[in-house]
Amino acid sequence: MTHVPSHLAVIMDGNGRWATRLGRPRWMGHVRGAHTAREVVAHCAQRGVSQLTLYAFSSDNWKRPAEEVGFLFDLFASHLEHQLAKLVTHGIRLSMIGRRDRLPRAFADAIAAAEARTAHGTRMHLRVAVDYSSRAAMQEAFAQAGAEGARALGSPAVGGSLIPPVDLVLRTGGERRLSDFLLWESAYAELAFLDVNFPDLSTADLDAVFADYAARDRRFGGVPSTLSA
Ligand code: IPE
Ligand code: IPE
Ligand code: MG
């Protein structure tokens, strides 16, 4: 099997366009996208990815119409409820990264309960980024005094347990940008941009991305690996 990234970060983009293209309302794209997210989680666990971070809702996404935002949180809550037992069974630890103080109260409570219930999962660490802004996380970390400041970038105070360096960022939906996602952690990440909208992302697409990743020469500022032997 190909060498998979230890930490895969996915910008799940293109739900709205998927629906619009089919003449359907945007919320249908989010429903379909949530289904795809479940498949991505299962496939990554099966392939041996040990850290998976999914961008579900950015701090800039509050700019969207209230109905869409409300729909998204209802969808997150219902998926959490239905997937929790499966996460426990499969040894998947769930954490949320991002601000918690602006979330609907019931959702914030459900996330906290799910984090507690899955805390002992060792197979894969799934982080879901909700009300997440990488710049805000960095600003908060830098505002913290003392030697702990830099460490605070990954601290619970800024929305999660320590976040390891990202090996591969995958963005669906055709845009070539990071949209304030894991800027610090992606310093040496490989980047993969797919034109496919997230609801259409298949496990075969993911395997193709993994194969492409496995063929890259990650130098981290050094010389090509063919010269370093
Ligand atoms: C990503 O799909 C899901 C969220 C940001 C919540 P979009 O909703 O951004 O879909 P497009 O980019 O408008 O197609
Ligand atoms: C990024 O997608 C956020 C998520 C996928 C959750 P957006 O659709 O919000 O990003 P922009 O607006 O195209 O940069
Ligand atoms: Mg988008």
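Which strand gives the largest share of the shell around ligand 2? Keep that in mind as you open the viewer, and remember along the way that this is a predicted model.

**Stop 1: ligand 2**

Start by selecting ligand 2 together with strand 2, residues 51-58: this strand is the answer, with three residues in the shell, the largest share. Now show the whole shell as sticks. You should find Ile11, Met12, Asp13, Tyr55, Ala56, Phe57, Asn61, Arg64, Arg171, Arg177 and Ser179 around the ligand. If you colour these residues by class, five come up as nonpolar, two as polar and four as charged.

Next, look for the polar contacts. Select aspartate 13 and find the N or O atom of its side chain that is 3.1 Å from an oxygen atom of ligand 2. Move to asparagine 61, where a polar side-chain atom lies 2.9 Å from an oxygen of the ligand. Then pick arginine 64, whose side chain has an N or O atom 3.3 Å from an oxygen of ligand 2. Switch on a surface here: ligand 2 has 390 Å² of accessible area on its own, and the protein covers 77% of it. The space that ligand 2 takes up is the largest pocket.

**Stop 2: ligand 1**

Keep arginine 64 selected and bring up ligand 1. A polar side-chain atom of arginine 64 lies 2.7 Å from an oxygen atom of ligand 1, so to speak a second appointment for a residue you have just met at ligand 2. Add the rest of the shell: Met12, Asp13, Gly14, Asn15, Gly16, Arg17, Arg26, His30, Ala56, Asn61 and Leu72 are also around ligand 1.

Two further contacts are worth a click. At glycine 16, a backbone N or O atom lies 2.9 Å from an oxygen atom of ligand 1. At arginine 26, an N or O atom of the side chain is 3.0 Å from an oxygen of this ligand. Taken alone, ligand 1 exposes 380 Å², and the protein buries 87% of that. The space taken by ligand 1 is the largest pocket.

Which helix gives the most to this shell? Select helix 1, which supplies three residues. Helix 1 spans 15-21, and helix 2 spans 26-47; each of the two supplies at least two residues. By class, the shell around ligand 1 has three nonpolar, five polar and four charged residues.

**Stop 3: a pair of rings**

Return to tyrosine 55, one of the residues around ligand 2, and add tyrosine 132. The structure holds 12 aromatic pairs. How are the rings of tyrosine 55 and tyrosine 132 arranged? Their centres are 5.9 Å apart and their planes stand at 85°, so the pair is edge-to-face. Follow the backbone from one ring to the other: tyrosine 55 is in strand 2, while tyrosine 132 is in strand 4, residues 124-132. The pair links distant parts of the chain, 77 residues apart.

**Stop 4: arginine 218**

Finish by selecting arginine 218, in the segment after helix 6 (203-214). Which backbone oxygen does its side chain reach? Show tyrosine 188: the side chain of arginine 218 comes to 2.9 Å from the backbone oxygen there. Then show tyrosine 213, whose side chain is joined to that of arginine 218 by a polar contact of 3.1 Å.

Methods: Residues numbered from 1 in each chain as written. Chains lettered and ligands numbered in written order. Predicted model: local features only at pLDDT ≥ 70, side-chain atom pairs only at ≥ 80, totals over all residues. Heavy atoms only, no water. Near = heavy atom within 4 Å. Polar contact = N/O pair within 3.5 Å; in protein donor to acceptor, adjacent residues only side chain to side chain. Areas by Shrake-Rupley, 256 points an atom, 1.4 Å probe, with all protein chains shown as cover. 1 Å grid on protein atoms, 1.4 Å probe; cavity = no way out; pocket = protein on both sides within 12 Å on 5 of 7 lines; lining within 4 Å. Sits in = over half its atoms within 2 Å of the grid points. Helix = DSSP H or I, 4+ residues; strand = E, 2+ residues; numbered from the N terminus. Nonpolar A, V, L, I, M, F, W, Y, C, P; charged D, E, K, R; others polar. Phe/Tyr/Trp six-rings, centres within 6.5 Å; stacked < 30°, edge-to-face > 60°.
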